[in-house]
Amino acid sequence: MEKNLSSEVKAELNKILRNRIMIMDGATGTMIQQHNLTEDDYRGGKDGRFVSFSAPKGERELFLKGNNELLSLTQPEIIKKIHEDYLDAGADIIETNTFGANSIAQDDYYMPHLIHEMNFESARLAKEAAKKFSTPEKPRFVAGAIGPTPKTASISPDVNDPGARNVDFDQLVSSYKEQTKSLIEGGVDIILVETVFDTLNCKAALFAIDQVFEENSQKLPLMISGTVTDASGRILSGQTVSAFWNSIRHAKPLTIGLNCALGAALMRPYAEELSRIADTNICIYPNAGLPNPMSDTGFDEKPHDTSELLKEFADSGFVNIAGGCCGTTPDHIKAIANQLENVQPRKLPTQEVFTRLAGLEPLSIKEDTLFINVGERTNVTGSKAFARLIIEEKFEEAVSVARQQVENGAQVIDINMDEGMLDSLNAMKYFLNLIASEPDIARIPIMIDSSKWEVIEAGLKCVQGKAIVNSISIKEGEEEFLKHAQLCRSFGAAIIVMAFDEKGQADTYERKTEICKRAYDILTQKLDFPPEDIIFDPNIFAVATGIEEHNNYAVDFINATKWIRGNLPYAKISGGVSNVSFSF
């Protein structure tokens with residue numbers, strides 16, 4: 001159960017968002033720059049706490065200037081004044097000074113031991129400022145800012161080894177959990193995962209936040225904001241805006257949106273796209289145009305320019321929350337607040353229910369969608385040639401098998417490494433990392449296929465898109481089934497559910513329908529699992545075996561499929577058609 005406080009905040013935010021466009025603050029970094037702080041200032045002055053802080057002996061000379069998150073400890077009055085200036089300009093929501101207050105980013109300054117204090121104090125400072133300006137008519141809120149970390153889980157740091165990574169999912173989860181806990185302890189009202197340039201980093205943050213919420217029995221409103229890096233319309237790790245939304249919508253955020261990288265003018269088509277496809281509030285806070293090192297703030301757009309552009313967004317029905325990112329100041333926020341004061345907020349659309357998957361690009365499976373082809377030649381149990389390549393560690397050739405599958409029309413690619421001679425878990429991770437570096441393959445969704453749960457989980461930690469898990473079942477009982485389904489949900493994956501229970505595999509129409517109905521009810525009623533993300537496999541068995549009790553296999557499968565379609569709303573059906581050939 002959620003604590004009353006978080007429920008009240010969520011209800012209050014939703015009430016406000018139904019009635020008006022809310023205003024976010026602007027850039028903290030831009031305002032810090034205007035103070036022209038020195039190395040001594042960052043260390044806390046001549047007698048400051050960090051005046052003698054240095055790198056370990058034998059390491060490089062350490063400069064703390066530029067570690068803006070440290071200023072919450074060494075120059076708290078400056079940070080608090082920045083918050084107050086934005087609140088005075090009309091901001092409803094201010095962000096904590098914690099964009100890089102995670103252990104991975106702070107490791108560059110040898111300061112990961114300060115994570116709790118940085119986040120707690122930053123939250124406390126922002127909360128004090130918000131309370132000072134809050135009124136019953138205009139309450140103010142604090143969003144705990146969680147940045148992307150300087151390391152990416154989807155992109156190799158080594159051009160000679162596309163399967164290498166300098167950070168993994170578990171490391172990110174650990175870092176984000178520590179930050180989230182500290183922000184909540186400091187009193188934030190909202191958690192904001194922002195400036196997402198790699199969806200896998202974002203999914204790790206969402207996974208960590210979900211765990212913290214579960215442990216604290218407190219679920220704060222969640223905001224997510226991605227960053228389109230150029231005119232290609234993709235984030236840095238390659239996903240389109242629609243694929244990004246498909247990959248993280250399982251988190252059910254209060255807002256989804258875009259910030260940074262582009263000014264509003266170039267951001268417009270992507271804001272429009274998000275507004276069209278998302279069934280939640282949209283938050284847009286662009287830079288003040290493109291960077292210009294000759295400008296005082298590093299950006300060209302004046303308050304009038306940025307606010308005019310966001311006014312056009314609002315008039316077009318794109319936004320529920322608007323603010324500013326790099327280069328914006330309290331003057332920008334004041335102009336935005338004035339321009340949007342009397343504009344109606346975007347109305348949340350009612351979206352059609354259908355299966356939404358994603359690689360680098362989205363894949364929609366609707367009622368009128370034809371067969372979806374799953375390429376299975378990247379399955380060591382079904383392809384001796386592929387198995388040989390993996391066992392002999394000829395990964396470059398193995399990647400070419402995946403590429404051929406996509407070129408030949410596969411819309412999803414199934415990857416299975418269950419072979420006795422393989423370290424299945426590490427083979428799955430390395431192969432998924434390799435194909436993540438191949439846009440022509442990674443553009444389609446991945447089906448992670450294994451009979452071993454630990455291999456499936458390892459695979460899920462490597463995929464930035466919305467994957468399919470193949471498979472889970474009630475074979476080991478309801479408790480294990482629920483545990484695996486909940487984890488799939490936390491990773492944002494769809495699931496194939498085998499018609500298999502404690503008594504064994506379903507081989508008749510009655511058994512197929514009974515098990516599928518039971519699994520559907522468990523998932524939708526006990527977990528609130530999205531029915532459109534459930535894919536049943538009612539078991540295609542070999543036909544024409546000559547054995548009398550097998551004579552009804554084909555018709556039982558067809559009839560069970562018809563029954564599922566008619567009785568389990570939005571669920572999909574998968575069948576391994578190759579099984580039919582095993583008897584011929």
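Is S217 buried, exposed or partly exposed? With a relative accessibility of 38%, S217 counts as partly exposed, and this residue of the predicted model is taken up again in one of the close-up views below.

**View 1. An open sheet of eight strands with parallel pairing.** The strands follow one another in the order β1-β8-β7-β6-β5-β4-β3-β2, and the edges are formed by β1 (22-23) and β2 (93-95), each of which pairs on one side only. At the β2 edge, three bridges join β2 to strand β3 (residues 141-146), the two running parallel, and within this pairing I94 stands opposite V142 in β3. Helix α9 packs on the sheet, where it touches β3, β4 (190-196) and β5, and its direction makes about 170° with that of β4.

**View 2. Strand β7 and its two partners, β6 and β8.** Strand β7 (residues 281-287) is mostly covered, since seven of its seven residues are buried. On one side, strand β6 (residues 255-263) pairs with β7 in the parallel sense over six bridges, and the bridge partner of I256 in β7 is I282. Between these two strands the chain passes through helix α11 (residues 264-277), making a right-handed β-α-β crossover. Strand β8 (residues 321-322) also pairs with β7 in the parallel sense, here over two bridges, with C283 standing opposite I321 in β8. The path from β7 to β8 leads through helix α12 (residues 303-315), and this β-α-β crossover is right-handed.

**View 3. Two cysteines in a model with zero disulfides.** A disulfide is a covalent bond between the sulfur atoms of two cysteines. For C283, which is in no disulfide, the nearest cysteine sulfur is that of C325, 10 Å away. C283 counts as buried, at 2% relative accessibility. Why is the sulfur of C462 not bonded to the closest cysteine sulfur, in C488? The two sulfurs are 15 Å apart, which is too far for a bond, given that the cut-off for a disulfide is a pair of sulfur atoms within 2.5 Å. C462 is buried as well, with a relative accessible area of 10%.

**View 4. An open sheet of seven strands, again with parallel pairing.** The order of the strands is β11-β12-β13-β14-β15-β18-β19. Strands β11 (374-375) and β19 (572-573) stand at the edges with a single partner strand each, and therefore one side of each has no neighbour in the sheet. Further in, strand β15 (residues 494-498) and strand β18 (residues 534-537) pair in the parallel sense over four bridges, and the bridge partner of I496 in β18 is I535. Helix α20 (residues 509-526) lies across β15 and β18 and runs at about 160° to β18.

**View 5. Backbone details at S471, N36 and S217.** The peptide bond leading from N470 to S471 is cis, with omega near 10°, and S471 belongs to strand β14 (residues 468-472). N36, although it is not a glycine, has a positive phi of about 50°; this residue lies in the loop between α2 (28-33) and α3 (39-43) and, at 64% relative accessibility, counts as exposed. For S217, phi is near 50°, a positive value in a residue other than glycine. S217 lies in the loop between α9 (199-216) and β5 (222-226), where, as stated in the opening, the residue counts as partly exposed.

**View 6. An aromatic cluster of F169, F207 and F491.** A search of the whole structure finds eight aromatic pairs. Among them is the pair of F169 and F207, which is edge-to-face, with 5.6 Å from centre to centre and 70° between the planes. The pair links distant parts of the chain, with F169 in helix α8 (residues 169-186) and F207 in helix α9, 38 residues apart. F169 is buried, with a relative accessible area of 3%, and F207 counts as buried at 8% relative accessibility. The rings of F169 and F491 have their centres 5.4 Å apart and their planes at 35°, so this pair is tilted. Here too distant parts of the chain are linked, as F491 lies in helix α19 (residues 478-491), 322 residues from F169 in helix α8. Both F169 and F491 are buried.

Note on methods
Residues numbered from 1 in each chain as written. Predicted model: local features only at pLDDT ≥ 70, side-chain atom pairs only at ≥ 80, totals over all residues. Heavy atoms only, no water. Pairing = 2+ DSSP bridges. Contact = heavy atoms within 4.5 Å. Axes fitted to C-alpha atoms, helices over the stretch in contact; angles between N-to-C directions. Buried < 20%, exposed > 50% of the residue type's maximum accessible area, 1.4 Å probe, protein only. Right-handed = clockwise from strand over helix to strand, strands pointing away. Phe/Tyr/Trp six-rings, centres within 6.5 Å; stacked < 30°, edge-to-face > 60°.
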